[in-house]
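Reader: I would like a close look at a single part of this model, followed outward to whatever it meets. Could you take me through it slowly, giving the cut-offs behind each term as you go?

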Amino acid sequence: MFFKKQLSELESYIPQLEKTNSKITHSNIGWQIDHSLRVIRGIAWQLEESNPNEFASKFSIQKSFILLTGYIPRGKAKAPKAVQNENEITEESIRDFLEKTKSQVDKIDNLDKNSHFSHPYFGKLNKKEAIRFIEIHTEHHLKIIRDILQ
């Protein structure tokens, strides 16, 4: 899975978690990393907990656009509260959360193809779609981090 490589890139930015660039975003690199990890871990957990027999795909133009183009426009959607951290983000908290995320992600390979998670805008995504979404979403935030550092 490509997003395992992305996890390594996210990890490489941890020492710079306080950096920000108001021309790019109001949040710092730490928030970008934390949010990305929360999304990855949350999706992986939902995939594991889902009942594959309950998966039913529904067409969504938004979902199709994102999954086909691999592009999430900036500033068009607000992150749900479930994937926002209200606490202080420290190097220690990020490293701890990264390890927990890696453990959760390792379980995905063995899941049924109809394992799924419910996205707030796109509806249910099966395992393959969920993995693609994780990759796209993580890359979206990695681009923001790279832009902050320029």
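Author: A good place to begin is S36, which touches L10, H137 and H141 once residues up to four places away in sequence are set aside; contact here means heavy atoms within 4.5 Å. This is a predicted model, in which local features need pLDDT of at least 70 and side-chain atom pairs count only at pLDDT 80 or more, while totals for chains, interfaces and linings use all residues. Residues are numbered from 1 along each chain as its sequence is written, and side-chain values use heavy atoms, with hydrogens and water left out.

S36 has a relative accessibility of 0% and therefore counts as buried (under 20% relative accessible area is buried, over 50% exposed and in between partly exposed, with a 1.4 Å probe and protein chains only). Its place is in helix α2, residues 29–49 (helices are DSSP runs of H or I with at least four residues, strands are runs of E with at least two, and both are numbered from the N terminus). The helix α2 has 21 residues and reaches 30 Å from its first C-alpha to its last, close to the 30 Å expected at 1.5 Å a residue, where the expected span is 1.5 Å times one less than the number of residues.

At the N-terminal end of α2, N28 acts as a cap, with a side-chain oxygen 3.1 Å from the backbone nitrogen of G30 (a polar contact is a pair of N or O atoms within 3.5 Å, one able to donate a hydrogen and the other to accept it within protein, and residues adjacent in sequence count only if both atoms are side-chain atoms). H26 belongs to the loop between α1 (2–12) and α2, and at 79% relative accessibility H26 counts as exposed. The C-alpha atoms of H26 and E92 are separated by 22 Å, the two residues being 66 apart along the chain.

W31 also lies in helix α2, and beyond residues up to four places away in sequence W31 touches A79, Q84, I89 and H141. From C-alpha to C-alpha, W31 and N85 are 7.7 Å apart in space, although 54 residues apart in sequence. I89, one of the contacts of W31, sits in the loop between α3 (61–69) and α4 (91–105), and at 16% relative accessibility I89 counts as buried. Leaving out residues up to four places away in sequence, I89 touches L17, E18, G30, W31, D34 and I94, while I89 and I33, 56 residues apart in sequence, have C-alpha atoms 9.6 Å apart.

Another side chain to inspect is that of R38, whose charged end sits over the ring of F97 at 5.0 Å from the ring centre (this requires NZ of Lys or CZ of Arg within 6 Å of the centre and within 35 degrees of the ring normal).

The contacts of S36 with H137 and H141 lead on to helix α5, residues 127–149, which has 23 residues and spans 33 Å from first C-alpha to last, close to the 33 Å expected at 1.5 Å a residue. At the start of α5, a side-chain oxygen of N126 comes to within 3.2 Å of the backbone nitrogen of K128. N126 itself is in β2, opposite H116, and H119 stands opposite G123 in β2. Strands β1 (116–119) and β2 (123–126) pair in the antiparallel sense over four bridges, pairing being counted when DSSP finds at least two bridges, and the two strands form a hairpin with three residues between them.

The structure holds two aromatic pairs (rings of Phe, Tyr and Trp, the last by its six-membered ring, pair with centres within 6.5 Å; planes under 30 degrees apart are stacked, over 60 edge-to-face and the rest tilted). F117 and F133 form a tilted pair, 6.3 Å centre to centre with 35° between the planes, which links distant parts of the chain, F117 in strand β1 and F133 in helix α5, 16 residues apart. Both F117 and F133 are buried. F122 and F133 form an edge-to-face pair at 5.9 Å centre to centre and 80° between the planes; because F122 lies in the loop between β1 and β2 and F133 in helix α5, the pair ties together parts eleven residues apart in sequence. F122, at 11% relative accessibility, counts as buried, and the relative accessibility of F133 is 5%. Ring pairs thus link F117, F122 and F133 into a cluster.
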